[in-house]
Amino acid sequence: MAPEKARPKSDPCDVVIVGARCAGAPLGMLLARRGYAVEIVDRNAPGSDTLSTHWIRWPGVQQLRAWGLVPALEKTGCPPIVSASLDFEGYVVAGGPRAGGAEAATYAPRRTALDALLVAEARAQGARLRERFAVTGLVVDDGRVVGVRGTGPDGAAELRARVVVGADGRNSTVARLVKSPVVEDRGTLARSLYGYWSGVAERGVRVVFRGRRGISLWPTNDALTVVSLVFPPEEAPGPGRSAQAGFYASSLREVPEVEQALVGAELVSTPRAAAVRNARRRAHGPGWVLAGDAGHHKDPVSAQGISDAFADAAVLADALHAGLSGSAGLDEALAGYTATRDAQRLEAFAYTCEQAELRPFGADFLDDLARTAADEQAAQAFLNTFVGCDAPSDAGWLGDSH
């Protein structure tokens with residue numbers, strides 16, 4: 001057997017980031033801004049589509065604003081969302097969320113636009129990008145990860161770095177290669193289908209719950225509206241696009257308020273299916289760390305994935321700066337990131353899993369909701385919590401809806 005051909009080696013860099021989406025691209029941007037040598041690799045081209053909840057909740061918007069990227073997001077044609085209508089079994093709370101006395105605009109961009117924007121900013125700050133590069137292995141020295149091996153358009157290559165970041169989604173190759181253990185697994189609790197519609201008149205967000213199904217309408221890029229259906233796994237249609245499309249269409253028609261909202265509108269895409277496992281992994285080890293869905297993913301019913309990825313990027317950038325600059329030990333800094341991530345996520349993880357069970361709403365909750373809808377101040381607090389301006393405990397409803 002002929003010996004394996006030697007892989008070309010790049011000059012060592014500070015950080016290799018695997019994954020160029022909502023966690024990896026902002027992390028690369030933030031580290032490059034601080035002067036670190038960063039190489040981002042992704043198996044896809046920048047701006048390729050991916051399954052997504054679309055919505056960036058208020059904390060994520062604030063993060064984008066801090067990075068100076070909200071104007072660029074709006075230039076993609078993604079409209080700001082400044083009103084919401086939340087309908088629970090016919091009890092409706094509607095209005096405009098507010099933060100600090102001003103309207104709290106959120107956004108629901110297509111990932112084709114958002115991810116391309118984030119990658120472009122990372123590259124503008126000096127991060128290098130290898131697209132269509134698939135990681136196939138790790139470089140390990142004395143038990144410590146010191147790089148990755150993979151193949152791209154130019155063939156096989158070996159990339160060495162002081163730290164390897166897995167930001168490559170819930171099916172993370174990095175997590176698999178480092179054998180990161182799952183520390184909590186609630187399984188798949190709900191399923192969803194979503195499609196893009198043209199001609200929807202309403203420009204705010206509308207969420208409607210009926211029985212054990214939830215339907216959401218979000219304005220997005222290209223004058224389209226993404227319409228999402230979430231339902232229990234046991235109600236899933238048979239295999240095949242035709243069965244899924246039929247189930248999706250009939251489920252929307254069964255809710256008069258949704259059918260009315262879609263009068264004159266046209267479905268312009270084949271509905272896409274998603275079923276997300278609720279699980280979190282150990283987030284770091286010798287020379288490696290996980291960010292975004294690679295380390296922690298949960299059902300899209302709470303629509304927190306993009307905002308959580310942004311938060312991971314910000315916290316991890318600070319931790320890596322401390323470890324790489326020598327102001328803290330690298331392993332100590334990564335452990336600090338993990339502790340912060342868990343503190344930020346555990347309550348939302350539990351809440352999301354509860355909501356993903358899609359249990360019917362209790363009579364007490366619906367009675368409270370009726371009173372909330374009739375009280376302007378209470379309704380405002382409810383909407384503020386929905387978009388993330390206020391913490392769930394501030395409104396006291398998120399954990400008590402069933």
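Is Arg-34 buried, partly exposed or exposed? Arg-34 is partly exposed, at a relative accessible area of 38%; here buried means under 20% relative accessible area, exposed over 50%, and partly exposed in between (1.4 Å probe, protein chains only).

1. A quick word on what you're looking at. This is a predicted model, where local features need pLDDT of at least 70 and side-chain atom pairs count only at pLDDT 80 or more, while totals for chains, interfaces and linings use all residues. Residues are numbered from 1 along each chain as its sequence is written, and side-chain values use heavy atoms, with hydrogens and water left out.

2. Back to Arg-34. Its side chain meets that of Asp-318 in a salt bridge (2.8 Å, N to O), the term for a side-chain nitrogen of Lys or Arg within 4 Å of a carboxyl oxygen of Asp or Glu. The two sit 284 residues apart, with Asp-318 in helix α8 and Arg-34 in the loop between α1 and β2. Helices (H or I, at least four residues) and strands (E, at least two) are DSSP runs, numbered from the N terminus. Asp-318 is partly exposed too, at 44%.

3. The count of salt bridges comes to 30. Another one pairs Arg-162 with Asp-14 (3.9 Å, N to O). Arg-162 belongs to strand β10 (residues 155–166) and Asp-14 to strand β1 (residues 13–18), so this pair ties together parts 148 residues apart in sequence. Arg-162 is partly exposed at 41%, whereas Asp-14 counts as buried at 16%.

4. Now for the inside. The largest nonpolar core (buried Ala, Val, Leu, Ile, Met, Phe, Trp, Tyr and Cys residues joined through side-chain atoms within 4.5 Å) has 80 residues, and Val-165 and Leu-320 touch the most other members. Helix α8 (residues 305–325) gives the most to this core, with eleven residues. Beyond its neighbours within four places in sequence, Val-165 has contacts (heavy atoms within 4.5 Å) that include Val-15, Leu-27, Val-289 and Leu-320. A separate core of 19 residues has Val-148 and Ala-294 among its members.

5. Have a look at helix α4 (residues 111–124) as well. Its 14 residues reach 19 Å from first C-alpha to last, close to the 20 Å expected at 1.5 Å a residue, that is, 1.5 Å times one less than the number of residues. Its buried residues include Leu-114, Leu-117 and Leu-118, and what covers the buried residues of α4 includes α1 (24–33), β2 (38–42) and α8. After α4 comes Gly-126, with a positive phi near 115 degrees.
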